[in-house]
Amino acid sequence: MKYELQITQTFSQWFKKLDKTTTIKLLERLDRVTAGNLGDHKAIANGLFELRCFFGSGIRLYFTIRNQQSVLLLAGGNKSTQAKDIEKAKAIMNKLED
């Protein structure tokens, strides 16, 4: 199954702050996601998932899947900010559902 990627403004702002090497690796990983390969990911809450990347500072991407065809990237962070990032992603997802 292939996915279309969509991003929130929160994700976009976080992504723009990444260094060039991390950005390139993350774009390669997101390429695999669009091809249907989510790789190392797990469910965090109802409809919220975490995509783990083992480069940079332990990059984490928080996403939801819409209509079985699009991956909506809600927020990003790293292992050290994980708890705060999960709460942020939950709030964004809940706001979008309203």
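The following dialogue explains why certain residues and pairs in this predicted model receive the labels they do.

User: What should be known about the model before its labels are read?

Analyst: The model is predicted, so local features need pLDDT of at least 70 and side-chain atom pairs count only at pLDDT 80 or more, while totals for chains, interfaces and linings use all residues. Residues are numbered from 1 along each chain as its sequence is written, and side-chain values use heavy atoms, with hydrogens and water left out.

User: Why is Thr-22 called buried?

Analyst: Buried means under 20% relative accessible area, exposed means over 50%, and partly exposed lies in between (1.4 Å probe, protein chains only). Thr-22 has 8% relative accessibility, and therefore counts as buried. Thr-22 belongs to helix α2, residues 20–34; helices (H or I, at least four residues) and strands (E, at least two) are DSSP runs, numbered from the N terminus.

User: Which residues is Thr-22 in contact with, leaving aside its neighbours within four places in sequence?

Analyst: Contact means heavy atoms within 4.5 Å. With those neighbours left aside, Thr-22 is in contact with Phe-55, Gly-56 and Ile-59.

User: What makes Arg-52 and Asp-40 a salt bridge?

Analyst: A salt bridge requires a side-chain nitrogen of Lys or Arg within 4 Å of a carboxyl oxygen of Asp or Glu. The closest N and O atoms of Arg-52 and Asp-40 are 3.0 Å apart, so the pair satisfies the rule. The pair links distant parts of the chain, 12 residues apart: Arg-52 is in strand β3 (residues 48–52), and Asp-40 is in the loop between α2 and β2. Arg-52 is partly exposed because its relative accessibility is 26%, and Asp-40 is partly exposed because its value is 27%.

User: How many salt bridges does this rule give?

Analyst: The count comes to 3 salt bridges. One of them joins Arg-60 and Glu-50, whose closest N and O atoms are 3.8 Å apart. Arg-60 lies in strand β4 (residues 59–66) and Glu-50 in strand β3, so this pair ties together parts that are 10 residues apart in sequence.

User: Are Arg-60 and Glu-50 buried or exposed?

Analyst: Arg-60 has a relative accessible area of 6%, and is therefore buried. Glu-50 is buried as well, because its relative accessible area is 0%.

User: Where do Glu-87 and Lys-90 lie?

Analyst: Both residues lie in helix α3 (residues 82–97), 3 residues apart, about one turn of the helix. Glu-87 forms a salt bridge with Lys-90, the closest N and O atoms being 3.7 Å apart. Glu-87 counts as partly exposed because its relative accessibility is 48%; Lys-90, at 27%, is therefore also partly exposed.

User: What joins the side chains of Ser-57 and Asn-78?

Analyst: A polar contact of 3.2 Å joins them. The term denotes a pair of N or O atoms within 3.5 Å; within protein, one must be able to donate a hydrogen and the other to accept it, and residues adjacent in sequence count only if both atoms are side-chain atoms. Ser-57 is in the loop between β3 and β4, and its 45% relative accessibility is why it counts as partly exposed.

User: Why is Asn-67 called exposed?

Analyst: Asn-67 counts as exposed because its relative accessibility is 64%. Asn-67 lies in the loop between β4 and β5, and its phi is near 50°, a positive value in a residue other than glycine. Most residues other than glycine have a negative phi.
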